[in-house]
Amino acid sequence: MTGALFAQSLVLGILLGGLYALLAAGLTLYFGVMRVVMIAHSAFLILAAYLAWFFHERSGLDPLLSLVITVPLFFVVGYGMQRFLVSRLRPISLTTMSVLLTFAVALTIEGLLGFVWTGTQRRVQLEYSGTSIEVFGVSIAVVKLIAFALAAVSLGALYVILRKTSFGRALRATTQHPEAARLVGIDTDRVAGLGFGLGLATAAIGGTALSLDYTIYPSLHWHWIGPLMAIIVVGGLGSIPGAAIAAMLLGVAASLLQVPLGTTWAQTVFYLALFVTLMIRPQGFFGGRLAQRF
Amino acid sequence: MASEPEPVPAAAPASSPAAEPLLRLTDVQAGYGRAALVLRGLSVTVAPSSVVCLVGPNGAGKSTVLKVASGMLKPRSGQVVVDGVDVTGRTPQQLLASGLSHVPQGHSVFPEMTVAENVLLGAYSVRDRSLVAERTEFVTSLFPLVGERWGALAGALSGGQQKQVEFARSLMVRPKVVLLDEPSMGLDPKATAIVFEQVQRMRDAGTAVLLVEQNARRALEAADVGCVLDLGRVHITGPAPDLLADPRLAQLYLGGRPKEVP
């Protein structure tokens with residue numbers, strides 16, 4: 001691999017890693033707060049991408065503007081989904097049953113997308129779709145840069161919400177010790193609902209970013225959920241910084257391996273990392289003690 | 001949520017004999033799911049500025065009493081009265097507002113938060129910032145260690161130190177009664193001694209304590225009133241020193257449980 005190619009792959013990997021990081025943060029949030037394995041996370045991601053595409057088709061405006069609608073919408077849907085679906089599961093079997101429940105939700109979304117917009121592949125065409133900028137001989141597509149910036153800003157916002165707000169402290173308390181959280185007066189059911197909404201809002205942002213640069217079709221979400229699940233296990237279930245670090249590392253690794261191995265084989269790096277993690281450090285590499293309780 | 005009026009901070013007269021109890025559980029029946037009842041007509045009272053200790057064998061229902069009192073478990077029947085107000089069936093949040101604070105069994109700090117965050121979360125339901133500052137000062141003067149380790153991660157502290165953080169957190173609402181579930185569990189003798197010394201300090205600061213302990217002898221030494229639980233009822237109750245001297249207690253704990261034979 002030449003130096004230029006390496007640099008190019010590295011930059012692409014970092015840009016992709018940013019998007020993975022945002023999406024994995026949402027996924028690990030559901031697990032941390034509610035012990036829910038949210039298979040439908042990436043289906044909502046693709047739904048948001050479709051909504052961005054449709055918004056652009058109809059209005060001719062930039063698909064990024066669809067965020068104004070999809071982020072609040074997904075937040076509300078997430079809150080409702082937690083309060084009216086997930087919270088109905090029995091606590092004792094919540095984690096396993098949540099796999100089935102959210103699997104069904106994913107299939108429903110996929111089916112609806114196919115029903116409404118058919119299985120045809122869709123792609124947003126923008127004036128800046130083909131443009132790229134050159135930095136030190138590395139060419140970076142503007143759309144990838146926008147997607148990365150969106151992911152980075154959202155992750156930063158998520159960090160501030162969790163660290164600096166009263167709601168964030170309540171959410172972290174609920175994650176770390178649900179019983180003690182109730183005993184200091186936190187309404188843990190409400191916090192769980194809002195946490196779910198927050199997770200789904202990250203899917204809305206990720207989907208919009210995705211729509212700028214990817215050809216989308218209803219079953220695309222299956223390509224995303226596997227790597228994302230692997231990332232949150234490697235990072236340590238429930239740990240948002242862990243998810244972000246693992247996402248960045250694995251995103252870069254996958255991007256670098258694409259050159260010698262090709263796209264398909266490069267994807268296996270996520271699963272290899274998953275196997276290695278489960279074998280030598282099942283609680284994850286960057287996570288807290290949360291995962292050790294399982 | 002409005003800030004509730006501050007209870008009298010200094011020690012109220014410790015022995016006004018006819019004082020209305022701060023907490024009264026009357027004829028409580030409670031259990032989990034469809035399983036058999038754990039509490040079968042239990043009654044207990046906690047007077048102002050006193051330490052009441054529940055002792056008894058495993059499965060006697062000691063922790064369940066606290067869960068009913070703090071609203072974590074709804075009783076099937078019976079009554080919970082706090083300071084003259086019937087609070088039966090209220091949620092933990094509502095009971096916190098009426099002056100009950102519960103420190104659960106085992107480690108209950110938020111391990112990946114700092115001591116400061118833990119203590120301030122104790123005042124989650126208190127909106128008045130100056131009140132929070134005032135109480136922070138109060139709990140750090142009561143538990144100096146909490147102030148010393150203010151910025152440390154709570155999960156990195158020793159078991160005994162974590163207990164102090166939990167105590168400090170529970171006092172941030174200035175409760176009338178604190179419910180302590182086996183505070184000495186898993187602690188070495190030195191840490192246990194500190195914990196019991198602090199239970200007395202809470203009492204001296206005007207907070208009544210309802211304490212559950214496995215370590216009966218040690219707990220009764222720290223308590224004013226003792227209640228011996230067995231099979232979901234209070235069997236014996238009386239001044240703690242009397243219980244310590246009571247041969248029946250020794251029989252129950254040291255000589256097996258002959259009463260159980262039908």
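These are my notebook entries on a predicted model with chains A and B.

**Confidence**

I looked up the scores for the complex before anything else, and the predictor gives an ipTM of 0.82 together with a pTM of 0.83. For chain B I noted a mean pLDDT of 85, with 89% of the residues of chain B reaching 70 or more. I then marked residues 1-18 of chain B, where the pLDDT is below 50, although this stretch has 22 contacts in the model beyond near neighbours in sequence. I also marked residues 254-262 of chain B, where the pLDDT is again below 50 and the stretch has 3 contacts beyond near neighbours in sequence. I keep in mind that predicted coordinates should not be read in detail where pLDDT is low.

**Contact between the chains**

I turned to the contact and found that chain B puts in 17 residues and chain A 16 residues. On the side of chain B that touches chain A, I listed helix 2 (92-97) and helix 3 (115-121) as the elements that give two or more residues. Helix 2 of chain B gives the most to that side, with 3 residues. When I sorted the residues on this side of chain B by character, they divided into 8 nonpolar, 6 polar and 3 charged.

**A hairpin in chain A**

I followed strand 1 (residues 132-135) of chain A and saw that this strand pairs with strand 2 (residues 138-141) of chain A in the antiparallel sense, over 4 bridges. Within this pairing I noted Ile140(A), in strand 2, as the bridge partner of Ile133(A). The hairpin has 2 residues between the strands, and I recorded that Phe136(A) takes a positive phi near 50° there.

Technical notes. Residues are numbered from 1 along each chain as its sequence is written. Chains are lettered from A and ligands numbered from 1 in the order in which they are written. This is a predicted model: local features need pLDDT of at least 70, side-chain atom pairs count only at pLDDT 80 or more; totals for chains, interfaces and linings use all residues. Two residues are in contact if their C-beta atoms, placed from the backbone, lie within 7 Å. Ala, Val, Leu, Ile, Met, Phe, Trp, Tyr, Cys and Pro count as nonpolar, Asp, Glu, Lys and Arg as charged, and the others, Gly among them, as polar. pLDDT is the predictor's confidence in each residue, from 0 to 100. Two strands pair if DSSP finds at least two bridges between them.
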